[in-house]
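Student: I have a model open in my viewer and would like to learn how to read it. Could you walk me through it, one feature at a time?

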Amino acid sequence: MKKIASFTIDHIKLVPGVYVSRKDTIGQEIITTFDLRMTSPNDEPVMNTAEIHTIEHLGATFLRNHSVYGSRTVYFGPMGCRTGFYLLLAGDLTSREIIPLIIEMFEFIRDFHDDVPGASPKDCGNYLDMNLSMANYLANRYLNEVLYQIDDNRLVYPE
């Protein structure tokens, strides 16, 4: 069986960043999948499910309510390996052009200190598995170590 695209990336060379994972055409629309890599694969500890779950709730809420990208957001959710998130947006987009959106989203997550949206038994199937303080911490770390000074080696997958 042929490997899927995400398994062809050299995860030994991969560093935290914002990458175009793939582009798909559905009807007349291009869907761009972004790899928001927050930790260095196979090199540092992965994120725990509680903070990933919290980032997912906050990130999805932020994106779906965004004045520009709300109607273009197809999906935001965690990678199974727990090293980052996938973001699917309608449009033929580049990593560089969505950096302001990603910074805005992670600043929102870093600064969020209220009840996590959707964190109730009525709204979520695992609402107790949340860790807001770690989500704040990881968002701040991603902003300071990656997003605020991002360069090309963190925008294009390594060869």
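Tutor: Gladly! Keep in mind that this is a predicted model. Let's begin with a helix and its span. H3 has 14 residues, which at 1.5 Å a residue should span 20 Å, and its end C-alpha atoms are indeed 20 Å apart, so the two values agree.

Student: What is the span of H1, and how many residues does H1 have?

Tutor: H1 has 16 residues and reaches 22 Å from its first C-alpha to its last. That is close to the 22 Å expected at 1.5 Å a residue.

Student: How should I read which side of a helix faces inward?

Tutor: Here is the general idea: an α-helix has 3.6 residues a turn, so residues three or four places apart point the same way. Now the case here. In H3 the buried residues are Ala135, Asn136, Leu138, Ala139, Tyr142 and Leu143. Their cover includes S1, S2, H1 and H2.

Student: Which residues of H1 are buried, and what do they pack against?

Tutor: The buried residues of H1 include Ala50, Ile52, Ile55, Leu58, Phe62 and Leu63. Polar and charged names turn up as well, among them Glu51, His53, Thr54 and His57. The buried residues of H1 pack against strand S3 (73-78), S4, H2 and H3.

Student: How do I go from single buried residues to a core?

Tutor: Follow the side chains that touch one another. The largest nonpolar core has 36 residues, and Val18, Leu36, Ile102, Phe106 and Leu147 touch the most other members. Elements that each supply at least two residues of this core are strand S2 (29-37), helix H1 (49-64), strand S4 (84-90), helix H2 (95-111) and helix H3 (132-145).

Student: Which element gives the most to this core?

Tutor: That is H2, with 8 residues. Try clicking on Ile102: setting aside residues up to four places away in sequence, Ile102 touches Val18, Leu36, Leu87, Tyr142 and Leu147.

Student: What about Leu89: where is its place, and is it buried or exposed?

Tutor: Leu89 sits in strand S4. Its relative accessibility is 0%, so Leu89 counts as buried. Beyond its neighbours within four places in sequence, Leu89 is in contact with Ile30, Ile31, Thr32, Phe34, Tyr69, Arg72, Thr73, Val74, Ile98 and Leu101. You can also compare sequence with space: Leu89 and Ser71 are 18 residues apart along the chain, and their C-alpha atoms are separated by 9.0 Å.

Student: And Thr33: is it buried or exposed?

Tutor: Thr33, in strand S2, has 7% relative accessibility and therefore counts as buried, the cut-off being under 20%. Apart from neighbours within four places in sequence, Thr33 is in contact with Tyr19, Val20, Ser21, Arg22, Asp24, Tyr86, Leu87 and Leu88. Its C-alpha lies 9.0 Å from that of Leu93, 60 residues apart along the chain.

Student: Is Leu128 buried or exposed?

Tutor: Check the value rather than the residue type. Leu128, in the loop between H2 and H3, is exposed, with a relative accessible area of 67%. From C-alpha to C-alpha, Leu128 and His53 are 9.9 Å apart in space, while 75 residues apart in sequence.

Student: Which backbone angles deserve a look?

Tutor: Look for a positive phi in a residue that is not glycine. Asn42 has one, with phi near 60°. Asn42 lies in the loop between S2 and H1 and is exposed, with a relative accessible area of 74%. Arg82 is another case, with a positive phi of about 65°. You will find Arg82 in the loop between S3 and S4, where it is partly exposed at 30% relative accessible area.

Student: Last one: how do I read a pocket?

Tutor: In general, rolling a probe the size of a water molecule over the atoms shows where empty space is left. In this model, the largest pocket holds about 210 Å³ of space. It is lined by 13 residues, and the closest to its centre are Ile4, Ser6, Phe7, Ser21 and Tyr86. Strand S1 (17-26) and S2 each supply at least two residues of the lining.

Student: How many residues of each class are in that lining?

Tutor: The lining of the largest pocket has 6 nonpolar, 5 polar and 2 charged residues.

Terms used
Residues numbered from 1 in each chain as written. Predicted model: local features only at pLDDT ≥ 70, side-chain atom pairs only at ≥ 80, totals over all residues. Heavy atoms only, no water. Core = buried A, V, L, I, M, F, W, Y, C linked by side-chain atoms within 4.5 Å. Buried < 20%, exposed > 50% of the residue type's maximum accessible area, 1.4 Å probe, protein only. Helix = DSSP H or I, 4+ residues; strand = E, 2+ residues; numbered from the N terminus. Contact = heavy atoms within 4.5 Å. 1 Å grid on protein atoms, 1.4 Å probe; cavity = no way out; pocket = protein on both sides within 12 Å on 5 of 7 lines; lining within 4 Å. Points joined across faces, edges and corners; volume = space filled by probe spheres on them. Nonpolar A, V, L, I, M, F, W, Y, C, P; charged D, E, K, R; others polar. Expected span 1.5 Å × (residues − 1).
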